[in-house]
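Work through the two exercises below with the sequence and the 3D view open. Each task is followed by a solution in steps.

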Amino acid sequence: MTAASREPLVIDAELLERFGGRGPRYTSYPTADRFDERVDAQRYARALAERADRRDESLGLYVHIPFCRSICYYCACNKIGTKHVEQSTPYVDAVQREVSLITALTGRQPVRHLHFGGGTPTFMPDAEIGRLIDSLHASFDFADDGEYSIEVDPRTVGPQRLRALRDMGMNRVSLGVQDFDPVVQAAVNRIQSYEQTVELIDTARACGYRSINVDLIYGLPKQNPERFRETLRKTIAAAPDRIALYHYAHLPALFKPQRRIAEADLPSSEDKARMFETAVGMFESAGYLHLGLDHFAREDDELAIAQREGRLHRNFQGYCSHDAGDLIALGVSGISSVGDVYAQNDKVLDGYYRRIERDELPVVRGIALDADDFVRRDAIQSLMCDFALDWDALDARCGIDSRTWLVDSRAALAPLVEAGAVRVDERGVEVLPRGRLLVRAVAMAFDRHLAEQAARAASGTDTTGGASYSRIA
């Protein structure tokens, strides 16, 4: 049931208009908008203690660095704007104390995945990054063939720093770009030359990084299809291994920096559709495969190979080539997935510090998964990674009769089946080429929490106010 993942996608404007509303990105299921205070530090501590007996299961680490020297107006991440680099010192101290609290419960664990995200991880001086990495190595056993990545702002990193990060053990790098057009860059407060970016890509390749990713965004202020085509051309010429092409979600009521963006400067829906369609065509012509959602990779990249071999996975950091298993997130706002629990740290830096100073795990909310959540999480991951779901394989993994268990989801898929986006039969579910850009809409048919919220809203008993999701396409 994985053949669909090897076929070129088809852009069907009519289908996108009909089904392409807002929806979750499903980096987790249940999604983070379902979290509440019933999962607290004590509940997370129990999950960590249980992890002590599962050393053979895969484990990844995520470290959130919230600081940025300047704020990009489009950004919806948890970040703190400051030019005081010395702020990273007490932050590293706090993360080290958090690690101690965790390993007191788990014992020393093997690690195969490490990702530094932000904010801007490279806000920190090399000495602080090195101190943090050394402390992690002192507390965990890192696999020699693991995946160790860092997000880099080319405005704060030159070739020498990139080589230093490689010497510290980083073997994957993701470069923030968004758009090479200086007019767009000025509109979003992110001035970054093409030459800076190309120099870093060339350096990363020369000093042995195993994968190089570039992030782009379409839908930003001042963008238009013609100028964005030039950004696409330059990106392809720079030849990164992977490209993430995100859709900008303008939500100024939720994200204060976005209030600096004039809505009149945003491209029309028609122009955004043209930009995305142009990008897909240019990427495919240049040899990049559509992995899913907004991610593309060269045919020889590990992610593309993993998808062909049916071992692509997805977690809070996006797609990965091996099952990351449990994920322990460190730092302010980090979301961990350990056993049957998702647990999120305090989003406010002062609150995070206070809890750490009291020798408390800094968790403030989360969710405990039940049996149904595990079944649906497995189904959604298969769809997001393989564009297919095999009933028998799901039965074998979960010990259920999925055809009966997910009968509600099969019924919910009927409109997409009728529209020719999905095929459902006794073997399973296949997302057809015309439906690949709607894979989130397909996954939503398996989301019990979303269905229950819709039912409450219809009856007038839902008081959550809904969730702010990005557009599907």
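**Exercise 1.** Describe the second largest pocket of this predicted model by its volume and its lining.

Solution.
- Step 1. The volume of the second largest pocket is about 870 Å³.
- Step 2. The lining of this pocket is made up of 39 residues, and those closest to the centre are His-313, Asp-323, Arg-377, Asp-378 and Gln-381.
- Step 3. Two or more lining residues come from each of strand E12 (313-315), strand E14 (326-330), helix H12 (371-386), strand E18 (388-390) and helix H13 (391-398).
- Step 4. H12 contributes the most, with eight residues.
- Step 5. Sorted by type, the lining has 16 nonpolar, twelve polar and eleven charged residues.

**Exercise 2.** Examine helix H12: find its length, decide whether it is largely enclosed or not, and inspect its start and what follows it.

Solution.
- Step 1. H12 has 16 residues, and the distance from its first C-alpha to its last is 23 Å, close to the 22 Å expected at 1.5 Å a residue.
- Step 2. A residue counts as buried when its relative accessible area is under 20%. Among the buried residues of H12 are Asp-372, Val-375, Asp-378, Ile-380 and Leu-383.
- Step 3. Twelve of the 16 residues of H12 are buried, so the helix is largely enclosed by the rest of the structure.
- Step 4. At the start of H12, the backbone nitrogen of Asp-372 has a side-chain oxygen of Asp-370 within 3.1 Å.
- Step 5. Phe-387 follows H12 and has a positive phi, near 55°.

Terms used:
Residues are numbered from 1 along each chain as its sequence is written. This is a predicted model: local features need pLDDT of at least 70, side-chain atom pairs count only at pLDDT 80 or more; totals for chains, interfaces and linings use all residues. Side-chain values use heavy atoms; hydrogens and water are left out. On a 1 Å grid over the protein atoms alone, a cavity is a set of points where a 1.4 Å probe fits but cannot get out, and a pocket is an open set with protein on both sides within 12 Å along at least five of seven lines; lining residues have an atom within 4 Å of a point. Grid points are joined across faces, edges and corners, and a volume is the space filled by probe spheres set on the points. Helices (H or I, at least four residues) and strands (E, at least two) are DSSP runs, numbered from the N terminus. Ala, Val, Leu, Ile, Met, Phe, Trp, Tyr, Cys and Pro count as nonpolar, Asp, Glu, Lys and Arg as charged, and the others, Gly among them, as polar. The expected span of a helix is 1.5 Å times one less than its number of residues. Buried means under 20% relative accessible area, exposed over 50%, partly exposed in between (1.4 Å probe, protein chains only). A polar contact is a pair of N or O atoms within 3.5 Å; within protein, one must be able to donate a hydrogen and the other to accept it, and residues adjacent in sequence count only if both atoms are side-chain atoms.
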